[in-house]
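Biologist: I should like to learn how to read the empty spaces in a protein model and the contacts around a bound molecule. May we work through an example together?

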Amino acid sequence: MKIAFVGKGGSGKTTLSALFIRHLAAEGRPVIAVDADINQHLGPALGLTDDQAAALPSLGARLPEIKEYLRGSNPLIESPEAMIKTTPPGRGSRLLRIVEENPVYASCARPVALDEGSVRLLVTGTFTEEDLGVACYHSKVGAVELLLNHLIDGQDEYVVTDMTAGSDSFASGLFTRFDLTFLVAEPTRKGISVYRQYKEYARDFGVALRVIGNKVQSPEDLAFLRAEVGDDLLTTFGQSEWVRRLEQGAEPPLSSLEPANRAVLAELKSQADAAYATRDAQRYTSQAVHFHLRNAESWGNAKVGVDLARQVDPEFVLGEENGAQACAAAEAHA
Ligand SMILES: Nc1ncnc2c1ncn2[C@@H]1O[C@H](COP(=O)(O)OP(=O)(O)OP(=O)(O)O)[C@@H](O)[C@H]1O
Ligand SMILES: [Mg+2]
């Protein structure tokens, strides 16, 4: 299941995505954690020291090798250089699974041991001042789009992505690559305005969006969220002393999280699991193609110097039935 956490800066995306990841791991589920936010904080939120987090390999820096692997023997993609972030998989492409060893994970993912369970962590890499607002930023996040477009995930296995909700997310198709998007919103007008903007973009693509109210302290906070968000409000996470202790450098075990907040994590998991029933491989694939054609036309064709529309394999649909093929490809490579 592909799950995203989005929201305004400071709303609690990293806190809640890290807690959700820990909850899934504690339940024994396989999880890939992805940090795709401008502020790269997921590693530390999962317990890494700043030095360990700084030493993580970045997806952004490894795009050429990621492309080389995913391209496989797909005859429609001439070279890794001809692959852009939206290039969709086709026959011959190598696909990834959540639970497997492959060269992409070997190079880019790092295991993170949690108090209960462990996960694999992938990070886009830090964004320097000069990246912001220019192509580099998109290309780093583009690595995540490329991976998700080549990832086959079944029920009971998860990739959880900590994202930004700014307009940068809409520059590509990344925001449509999830089975479920959790929008974290504080009960404030600014928190809600980000929700409205996201919903507006998401509507045309049938993005499943649920709001998690965060730092909710009073009945008034809850009433505000209910009035502004309506049925999209899934649940609320309270102002948490446990989270505060964590921020102060303590390492409280997940089992000591306030019961009401732990129940919220269980609720998020039920929602994520329920999203499985609404999966539509055909739609997922055709949206990938849609964004590829859009990117090809707006900048890709000019940049690469070929007609990138020809990379689309009309016979290919990304779905769990491709799984056997993915395993075979990974084994062949190994
Ligand atoms: N439920 C909560 N209770 C108490 N403190 C919280 C809660 N949620 C988040 N915080 C605190 O709010 C601050 C911002 O949270 P967090 O870093 O998770 O937000 P973010 O949306 O990821 O921010 P950024 O946009 O900077 O990445 C942190 O100090 C965090 O500890
Ligand atoms: Mg964050």
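Modeller: Let us begin with the contacts to ligand 1, bearing in mind that this is a predicted model. A backbone N or O atom of Ser11 lies 3.1 Å from an oxygen atom of ligand 1.

Biologist: Which N or O atom in a side chain is 2.5 Å from an oxygen atom of ligand 1?

Modeller: That atom belongs to the side chain of Thr15. Asn39 also takes part, with a polar side-chain atom 3.2 Å from an oxygen atom of ligand 1. On its own, ligand 1 has 630 Å² of accessible area, and the protein covers 83% of this.

Biologist: Which residues come nearest to ligand 1?

Modeller: The shell holds 18 residues, of which Lys13, Thr14, Thr15, Ser240 and Glu247 come nearest. By class, 11 residues of this shell are polar, five are charged and two are nonpolar. Helix 1 (13-26), strand 9 (209-216), strand 10 (233-238) and helix 9 (241-247) each supply at least two of the shell residues. Helix 1 gives the most, with three residues.

Biologist: How does one find empty space in such a model?

Modeller: Rolling a probe the size of a water molecule over the atoms shows where empty space is left. In this structure, ligand 1 sits in the largest pocket, whose volume is about 1000 Å³. That pocket is lined by 36 residues, and Thr15, Ala45, Val243, Leu246 and Glu247 are the closest to its centre. Helix 1 again gives the most, here with five residues of the lining. The lining has 14 nonpolar, 14 polar and eight charged residues.

Biologist: Which residues lie nearest the centre of the second largest pocket?

Modeller: They are Asp179, Arg279, Asp280, Ala281 and Tyr284, out of 22 lining residues. This second largest pocket holds about 390 Å³ of space. Helix 11 (281-304) provides four residues, the largest share of its lining.

Biologist: A pocket is open, whereas a cavity is a space the probe cannot leave. How many cavities of 30 Å³ or more does the structure hold?

Modeller: There are four such cavities, and about 90 Å³ of space lies in the largest. The residues lining the largest cavity include Ile32, Val34, Leu59, Tyr105 and Val159. Strand 2 (31-36) and helix 6 (135-149) are the elements that give two or more residues to this lining; helix 6 has the largest share, three residues.

Biologist: What classes of residue make up the lining of the largest cavity?

Modeller: The lining has 11 nonpolar residues, with no polar and no charged ones.

Conventions
Residues are numbered from 1 along each chain as its sequence is written. Chains are lettered from A and ligands numbered from 1 in the order in which they are written. This is a predicted model: local features need pLDDT of at least 70, side-chain atom pairs count only at pLDDT 80 or more; totals for chains, interfaces and linings use all residues. Side-chain values use heavy atoms; hydrogens and water are left out. A residue is near a molecule or strand if one of its heavy atoms lies within 4 Å of it. A polar contact is a pair of N or O atoms within 3.5 Å; within protein, one must be able to donate a hydrogen and the other to accept it, and residues adjacent in sequence count only if both atoms are side-chain atoms. Accessible areas come from the Shrake-Rupley method with a 1.4 Å probe; for residues, only the protein chains shown count as cover. On a 1 Å grid over the protein atoms alone, a cavity is a set of points where a 1.4 Å probe fits but cannot get out, and a pocket is an open set with protein on both sides within 12 Å along at least five of seven lines; lining residues have an atom within 4 Å of a point. A molecule sits in a cavity or pocket if more than half of its atoms lie within 2 Å of its grid points. Ala, Val, Leu, Ile, Met, Phe, Trp, Tyr, Cys and Pro count as nonpolar, Asp, Glu, Lys and Arg as charged, and the others, Gly among them, as polar. Grid points are joined across faces, edges and corners, and a volume is the space filled by probe spheres set on the points.
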